[in-house]
Amino acid sequence: MDLSKPSVARMYDHLLGGTDNYQVDRDACAELLRLAPSTRELALVNRAFLVRAVRYLAQEHGVRRFLDHGSGLPTRPNVHQVAQEIDPTSEVVYIDNDPVVLAHGEMMLAEDPTTTAVLDADMRDTAGIFSSRAARRLLRDAKPVAALFVSVLHCIPDKDDPWRLVRNVVEQLPRGSYLVISQLVSDDAELRKTITEFMREITGDSWGQVRSKQEVNRFFEGLDLLEEPELVEVSRWRPDSDLAPRQRSEEWIEYGGVARIG
């Protein structure tokens, strides 16, 4: 683990008010907030979207199995805690390859090793993930699975074809499964370039890029969006109330939605 460079997972943890981060991560967040002042609110908005999407799929569509790509550091409530409020038998597989995330994941397993698994894998390795015992268990009887890509696809550069990654995952899931995506986007091409270059530099190229809305729309091609006729800034996706978190400005946003597969 190289503590001389910021980690995207630890930066996100700091923005959410967590303590599993280092000075290098906090310094990087300070510069990011200078470039995009709404970044802290953006992180809170995105986390709230994850919780709402998981609760909605569990409560309204009976989903009991979740595959969380690039899960990041545990932040309560975690996916399994949200899903298990609806049904204690709900199963979750978390996927990440950050050493700090994995260490915390091991502690999380102690809560319920029968329904929760943490997989040490690069989320781009679809073949390896779906051949793992944990993923095979989720797929054991073709019941719907929700694949989550919440605020992680911007960590994958275009050269690694994140659109193909999402299609590969969709093709592995049973009919009637679901896809949840949020991605950092900006309408400002110069801001997209500035933040992308900054994040690539400070993380040692462990970053993809901030994208346009049109590029994110491509992840959902051929799928049926739920609740909204189009993708939205995620605080507007089934908000709990008018008091739900909002960004003060929208120089960049988390943009996404939820779709049914097949």
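The expected span of a helix is 1.5 Å times one less than its number of residues. In this predicted model, helix α2 (residues 23-35) has 13 residues and should therefore span 18 Å; its end C-alpha atoms lie 19 Å apart, which agrees.

Five residues of α2 deserve attention: Val24, Asp25, Ala28, Cys29 and Leu32 are buried. They cover an arc of only 135 degrees around the axis, so they sit on the same side of α2. The elements covering these buried residues include α1 (8-15), α3 (39-60) and α9 (189-202).

Strand β2 (residues 91-96) is largely enclosed by the rest of the structure, because 6 of its 6 residues are buried. Both faces are covered: Glu91, Val93 and Ile95 are buried on one side, and Val92, Tyr94 and Asp96 on the other. The pairings of β2 are listed below.

| Strand paired with β2 | Bridges | Direction | A bridge pair |
|---|---|---|---|
| β1 (residues 65-69) | 5 bridges | parallel | phenylalanine 66 with valine 92 |
| β3 (residues 116-120) | 5 bridges | parallel | valine 118 with tyrosine 94 |

Arginine 137 belongs to helix α7 (residues 133-138). A residue is partly exposed between 20% and 50% relative accessible area; arginine 137, at 43% relative accessibility, therefore counts as partly exposed. Residues up to four places away in sequence aside, arginine 137 touches Arg65, Glu91 and Thr114. Of these contacts, Glu91 is one of the buried residues of β2. Valine 93, also buried in β2, is 44 residues from arginine 137 in sequence, and their C-alpha atoms are 9.6 Å apart in space.

How values were computed
Residues numbered from 1 in each chain as written. Predicted model: local features only at pLDDT ≥ 70, side-chain atom pairs only at ≥ 80, totals over all residues. Heavy atoms only, no water. Helix = DSSP H or I, 4+ residues; strand = E, 2+ residues; numbered from the N terminus. Buried < 20%, exposed > 50% of the residue type's maximum accessible area, 1.4 Å probe, protein only. Contact = heavy atoms within 4.5 Å. Arc of directions from axis to C-beta. Pairing = 2+ DSSP bridges.
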